[in-house]
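User: Hello! I am new to this structure and would like to know how its descriptions are justified. Could you take me through them?

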Amino acid sequence: MAGKIKNCPMCGKLFNDMGNKVCMDCYEQIQKKEQEVVSFVRENRGAKVPEICEATGAPIGMIKKMIREGRFEQIGVKMTYPCEKCGAPIISGKLCQQCEEKARTELQKQAALQTAARQLAKTDQNRGQGFRSKER
Ligand SMILES: [Zn+2]
Ligand SMILES: [Zn+2]
């Protein structure tokens, strides 16, 4: 199976992408870093994500990805990272369920408002032809 030749997003080198998305060198580096993170967590159970970042130098995105992949559950550590809105512990996505729910309703509300505004505009255009905008 032949891969795609492209630039490594980490070091910029041209490489043959076989699905790792980064070149072999960087891939190895990532593997090593992940190992480092795992052994740090194993020795420091209960360490928070920012502490792990600081101690290992691993980017937060890497640790989040590892949490999503269940890498810490494999070693018996329940690891979470904070919701971007309220700080509640989550293991996937960016927001906790509550905030996600809220964001969804917010979006629906906005969409509904936009639809209402469009209808209102239409009603305005049609004024004088028997249309009346419904107000609550
Ligand atoms: Zn690279
Ligand atoms: Zn939240």
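Analyst: Gladly! Let us start with a definition: donors are N, O and S atoms within 2.8 Å of the metal (3.2 Å for Na, K and Ca), and water is not among the atoms, so sites may look incomplete. This is a predicted model, in which local features need pLDDT of at least 70, side-chain atom pairs count only at pLDDT 80 or more, and totals for chains, interfaces and linings use all residues. Residues are numbered from 1 along each chain as its sequence is written, chains are lettered from A and ligands numbered from 1 in the order in which they are written, and side-chain values use heavy atoms, leaving out hydrogens and water.

User: What makes Cys 83, Cys 86, Cys 96 and Cys 99 donors of the zinc ion (ligand 2)?

Analyst: Their SG atoms lie 2.3 Å from the zinc ion (ligand 2), and the limit for a donor here is 2.8 Å. Along the sequence, these donor residues follow the spacing C-x2-C-x9-C-x2-C.

User: Why is the arrangement around the zinc ion (ligand 2) called tetrahedral?

Analyst: Four donors count as tetrahedral if all angles lie between 85 and 135 degrees. The four donor atoms of the zinc ion (ligand 2) subtend 103 to 118°, so the arrangement is tetrahedral.

User: How do you know that the site of the zinc ion (ligand 1) is tetrahedral?

Analyst: Its four donor atoms make angles of 105 to 116°, and the same test applies to them. The donors are the SG atoms of Cys 8, Cys 11, Cys 23 and Cys 26, at 2.2 to 2.3 Å. Cys 11 sits in the loop between strands E1 (4-7) and E2 (14-17) and Cys 26 in helix H1 (residues 24-43), so this pair ties together parts 15 residues apart in sequence.

User: Why are H2 and H3 called oblique to each other?

Analyst: Helix H2 (residues 49-56) and helix H3 (residues 60-68) pack at about 125°. Angles under 35 degrees count as roughly parallel, over 145 as roughly antiparallel, 65 to 115 as roughly perpendicular and the rest as oblique. H2 and H3 are therefore oblique. Their contact (heavy atoms within 4.5 Å) is made by Val 49, Ile 52 and Cys 53 of H2 and Ile 60, Ile 63 and Ile 67 of H3.

User: What makes H1 roughly perpendicular to H3?

Analyst: The axes of H1 and H3 cross at roughly 70° and come within 11 Å. That angle makes H1 roughly perpendicular to H3. Among the residues in contact are Ile 30 and Lys 33 of H1 and Met 62 and Lys 65 of H3.

Technical notes
Axes fitted to C-alpha atoms, helices over the stretch in contact; angles between N-to-C directions. Helix = DSSP H or I, 4+ residues; strand = E, 2+ residues; numbered from the N terminus. Tetrahedral: all angles 85-135°; square planar, octahedral: opposite > 155°, others 65-115°.
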